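Open the structure in your viewer and keep the selection panel handy. We will take a short walk, one selection at a time.

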Amino acid sequence: MSKNAEIKESLVDNFGRTVDYLRISVTDRCDFRCVYCMEEEMEFVPRAQLLTLEEISTIARAFTELGVTKIRITGGEPLVRRNVLKLFEDIGKLPGLKELVTTTNGSQLRKLAPDLKAAGLKRINISLDSLDADKFRRITRVGELDKVLDGIDAALETGFEKIKINAVILKNRNHEEVCDLVEFASQKGMDISFIEEMPLGVIAEHDRAEAYYSSDQIRQDLSRKYALLDTTERTNGPSHYYRIAETGTRVGFISPHSHNFCGDCNRVRLTCEGRLLLCLGQEHSVDLRHVLRSHPGDLEKLKQAIRDSMSIKPEGHDFDLSAKPVIFRHMNVTGG
Ligand code: SAM
Ligand code: SF4
């Protein structure tokens, strides 16, 4: 190995932030239609425009060679993409990668949890917004709570290192369930994070401003039942963590509105069409599919495009729920 090859490269943007975390949306398709994420009738990306699994692996390789140590496989629902296990296996083997994680709605976990573990997945985030079957159905439009709860049990039986529940909290839809959700997570030995809804894409019958429920309100609600201890724990993501004194359960808050987390942003996102998004709430992007397909097999060209992209990573987002959305892509495209 030459001396130069030993010097580990890293991606640093114009604001001095090191990017070491890539989120990949492997599909924009999903078996649910959550009201905050998608329209009921969605037009999905034509299959020919999707990155192939091999292309996704190549991009992941380029990123790990540039110092990325954490990759999240997400979507849409990542586990509905055909042969996705092969992708987990390939990415899991990349030298330099320390953490391979995924976010899923849980519907396929009864079938796939053991294979995901065998493929090298250690940590898994499962979305669960309600423990009431009717409310769950109203939020996901088509989702079956029982199937997700069974998926969570399958993941627990499989023995992943860490399982975290993600819950988007909406006023008058599920805000009164925050204590029950914490109780559920505690009993099963899981962490939980509460997420403030973000205005990504227009959703006809859903009023985001009216549904907004802040992390501070959730914390207040929880503190009526639990003692919440502030911590300095981080997981290389945007959550701010507390621990429940009584049970030790870790409770995270992802607060894009009330506590903007752009200052220490360390991540970028790849859409299923190969667009590299430099910020969740801005449109700055680079078409990596074009780079890949115009220079087949040329990893250096791809790496250079990624290095160059750092110069257009914006300083931050500025979400305004009461204004017309300025970001027209939905979360399933963005890769939450
Ligand atoms: N389908 C998988 C799932 O639901 O876990 C993975 C993709 S989903 C886009 C990832 C996460 O983003 C989920 O926890 C979901 O609740 C959250 N999410 C979706 N749309 C959102 C929005 N507009 N604001 C905040 N979080 C959102
Ligand atoms: Fe599907 Fe996840 Fe979006 Fe819900 S949040 S519609 S499960 S991609």
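Which polar backbone atom lies 3.0 Å from a nitrogen atom of ligand 1? Select Y36: a polar atom of the Y36 backbone sits at that distance from the ligand nitrogen. Bear in mind as you look that this is a predicted model.

Next, select G76. Here a backbone N or O atom is 3.0 Å from a nitrogen atom of ligand 1. Then add R208, where the contact comes from the side chain: one of its polar atoms is 3.5 Å from a nitrogen atom of ligand 1.

Now switch on a surface. On its own, ligand 1 has 540 Å² of accessible area, and the protein covers 95% of that. Colour β5 (99–104) and β7 (162–168), the elements that each give two or more residues to the shell around the ligand.

Show the whole shell next. Ligand 1 is surrounded by 19 residues, and the closest are Y36, G76, T104, S127 and M198. Colouring by residue class gives 6 nonpolar, 9 polar and 4 charged residues in this shell.

For the last stop, leave the ligand and select helix α3, residues 84–92. Which of its residues are buried? They are V84, L87, F88 and I91. Look down the axis of α3: these buried residues fall within an arc of 100°, so they line one face of the helix. The general rule behind such a pattern is that an α-helix has 3.6 residues a turn, so residues three or four places apart point the same way.

Finally, display what covers the buried residues of α3: among the elements there are β3 (21–25), α2 (53–65), β4 (70–74), β5 and α4 (109–118).

Key: Residues are numbered from 1 along each chain as its sequence is written. Chains are lettered from A and ligands numbered from 1 in the order in which they are written. This is a predicted model: local features need pLDDT of at least 70, side-chain atom pairs count only at pLDDT 80 or more; totals for chains, interfaces and linings use all residues. Side-chain values use heavy atoms; hydrogens and water are left out. A residue is near a molecule or strand if one of its heavy atoms lies within 4 Å of it. A polar contact is a pair of N or O atoms within 3.5 Å; within protein, one must be able to donate a hydrogen and the other to accept it, and residues adjacent in sequence count only if both atoms are side-chain atoms. Accessible areas come from the Shrake-Rupley method with a 1.4 Å probe; for residues, only the protein chains shown count as cover. Helices (H or I, at least four residues) and strands (E, at least two) are DSSP runs, numbered from the N terminus. Ala, Val, Leu, Ile, Met, Phe, Trp, Tyr, Cys and Pro count as nonpolar, Asp, Glu, Lys and Arg as charged, and the others, Gly among them, as polar. Buried means under 20% relative accessible area, exposed over 50%, partly exposed in between (1.4 Å probe, protein chains only). The arc is that of the directions from the helix axis to the C-beta atoms. Contact means heavy atoms within 4.5 Å.
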